[in-house]
Amino acid sequence: MFIVDSQIHLWKEETPDRPWVPGARERIRLNGHREEAFLAEEAVSLMDEAGVNRALILPPSWEGDRIDYALEAAEANPGRFGIMARIPQNDQEEGERLLHEYKENPHILGTRLTFHRPQDRNWMIDGTNDWYWPIAEKLGIPTMVHAPIWKRELGQIAEKHPDLKIIIDHMGIMARCVDDAIGYWVQETADLHVYPNISVKVSAIPGYSTQPFPNLNIEKYVREVVDKMGPERAHWGTDITRLLGHGLTWTDTIEQFTKYFSFSPEELEWIMGKGICKVLDWDIPEPVAAGAAQKSEKA
């Protein structure tokens, strides 16, 4: 199976020359991420150990809008990483310039916008981000969005910009909701299946359960997203640095879907990697694609 993680963060240590945004360290602790650097070398080693073919780097918010280390990691590890780049969402002139620049970079497959922190929460509804959607649609830039409270608005954007691919983070769950409290958020997200240009990351799943791994109490919510969206529009991911400190590995998060959750082999092929590659137009290597085709013919 070709496995692609739809979300990881990589970052270097904070230094005077590489400062984090104010208050970032406290937010990292609150959200359960580890604080020490997570470098490409460690990520690749753990990916190799677990059998993860690729991962999408989402440059972390605590470093601001910089993406230099993500580019460094992708360039040093050909074929292993793609980047969903950050942009200054509240600076139209600079944002437009970067979108045109990023469109030409082979390592950058799209962008990621956030609307969940105090400083950016209202940017989707107060006009700050209105400039972005038509330009991203025109340039064909897929966009990951973390905006738990703006589902109706995301649906309106998807309808207005049908050629813009929108990928919703973490099943649209509000931070720090767990167990059955995630049901409301998941249903809101799954109901957006009526917009064919929306897909959903079924990511960071262990973090939304207080029960022991493999967190079977929230399988029904993952299943709701997959059943409504279809496996082609439901993308596995880990946000691995939120899980490593809790004793979980990349292998655990893969087996949660392949061993413990009740998905068919055909569903898993899409969920675990093929679907996100299709949405991002990220070619799967020919030997892997050919092998999958032969397997289908024999079946």
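Which residue follows H10, and what is the sign of its phi? Select aspartate 281. This aspartate comes after H10, and its phi is positive, near 55°. Keep in mind throughout that the model is predicted.

**Stop 1: helix H10**

Step back into the helix itself. Select residues 265-280, which make up H10. At 1.5 Å a residue, these 16 residues should span 22 Å. The end C-alpha atoms are 22 Å apart, so the expected span and the model agree.

Now centre on lysine 274. H10 bends there by about 60°. Show the side chain of lysine 274 together with tryptophan 270. The lysine lies over the face of the tryptophan, at 4.3 Å from the ring centre.

Next, colour H10 by burial. Glu267, Leu268, Trp270, Ile271, Met272 and Gly273 are among its buried residues. Further along, Gly275, Ile276, Cys277, Val279 and Leu280 are buried too.

**Stop 2: a second charge over a ring**

Select tryptophan 282 and arginine 54. Arginine 54 lies over the face of tryptophan 282, at 4.4 Å from the ring centre. Arginine 54 also leads to the sheet, as it belongs to strand S2.

**Stop 3: the sheet**

Select S1 to S8. They form an open sheet of eight strands, in the order S1-S2-S3-S4-S5-S6-S7-S8, with parallel pairing. Which strands are at the edges? Strand S1 (4-8) and strand S8 (234-237) are, and each pairs on one side only. On average, neighbouring strands of this sheet are turned by 30° against each other, direction ignored.

Zoom in on S2, residues 54-57. Arg54 and Leu56 point one way from the strand, while Ala55 and Ile57 point the other way. Are these residues buried or exposed? All are buried.

Look from S2 towards S1. The two strands run parallel and pair over three bridges. Select aspartate 5 and alanine 55: the aspartate stands opposite the alanine in S2.

Now look from S2 towards S3. These strands are also parallel, joined by three bridges. Select isoleucine 57 and its bridge partner in S3, isoleucine 83.

Move on to S3 (residues 81-85) and S4 (residues 108-114). Here the pairing is parallel, over three bridges. Alanine 85 has threonine 111 as its bridge partner in S4.

**Stop 4: loops after the strands**

Leave S3 for the loop that runs to helix H4 (92-103), and select proline 88 there. Why does proline 88 count as buried? Its relative accessibility is 12%, and the cut-off for buried is under 20%. Add arginine 66 and draw a C-alpha to C-alpha distance. The two residues are 22 residues apart in sequence and 9.4 Å apart in space.

Go to the loop between strand S6 (166-168) and helix H7 (183-190), and pick histidine 170. Its phi is near 50°, a positive value in a residue other than glycine. Histidine 170 is buried, with a relative accessible area of 3%.

Stay between S6 and H7 and select aspartate 179. Phi is again positive in a residue other than glycine, near 55° for aspartate 179. At 18% relative accessibility, aspartate 179 counts as buried.

Then find the loop between strand S7 (198-203) and helix H8 (219-229), which holds proline 214. Show the backbone from phenylalanine 213 to proline 214. A cis peptide bond joins them, with omega about 15°.

**Stop 5: aromatic rings**

How many aromatic pairs does a search of the whole structure find? It finds eleven. Start with tyrosine 132 and tryptophan 133. Their ring centres are 5.3 Å apart and their planes stand at 90°, so the pair is edge-to-face. Tyrosine 132 has 0% relative accessibility and counts as buried. Tryptophan 133 is buried as well, with a relative accessible area of 3%.

Turn to phenylalanine 261 and phenylalanine 263. Their ring centres lie 6.4 Å apart with the planes at 65°, so this pair is also edge-to-face. Both phenylalanine 261 and phenylalanine 263 are buried.

For the last selection, take Trp11, Trp20, Phe38 and Trp62. Together they form one aromatic cluster.

Note on methods:
Residues are numbered from 1 along each chain as its sequence is written. This is a predicted model: local features need pLDDT of at least 70, side-chain atom pairs count only at pLDDT 80 or more; totals for chains, interfaces and linings use all residues. Side-chain values use heavy atoms; hydrogens and water are left out. Helices (H or I, at least four residues) and strands (E, at least two) are DSSP runs, numbered from the N terminus. The expected span of a helix is 1.5 Å times one less than its number of residues. The bend at a residue is the angle between axes fitted to the seven residues ending there and the seven starting there. Buried means under 20% relative accessible area, exposed over 50%, partly exposed in between (1.4 Å probe, protein chains only). Rings of Phe, Tyr and Trp (its six-membered ring) pair if their centres lie within 6.5 Å; planes under 30 degrees apart count as stacked, over 60 as edge-to-face and the rest as tilted. A charge sits over a ring if NZ of Lys or CZ of Arg is within 6 Å of the ring centre and within 35 degrees of the ring normal. Two strands pair if DSSP finds at least two bridges between them. Axes are lines fitted to C-alpha atoms, for helices over the stretch in contact, and angles run from 0 to 180 degrees between N-to-C directions.
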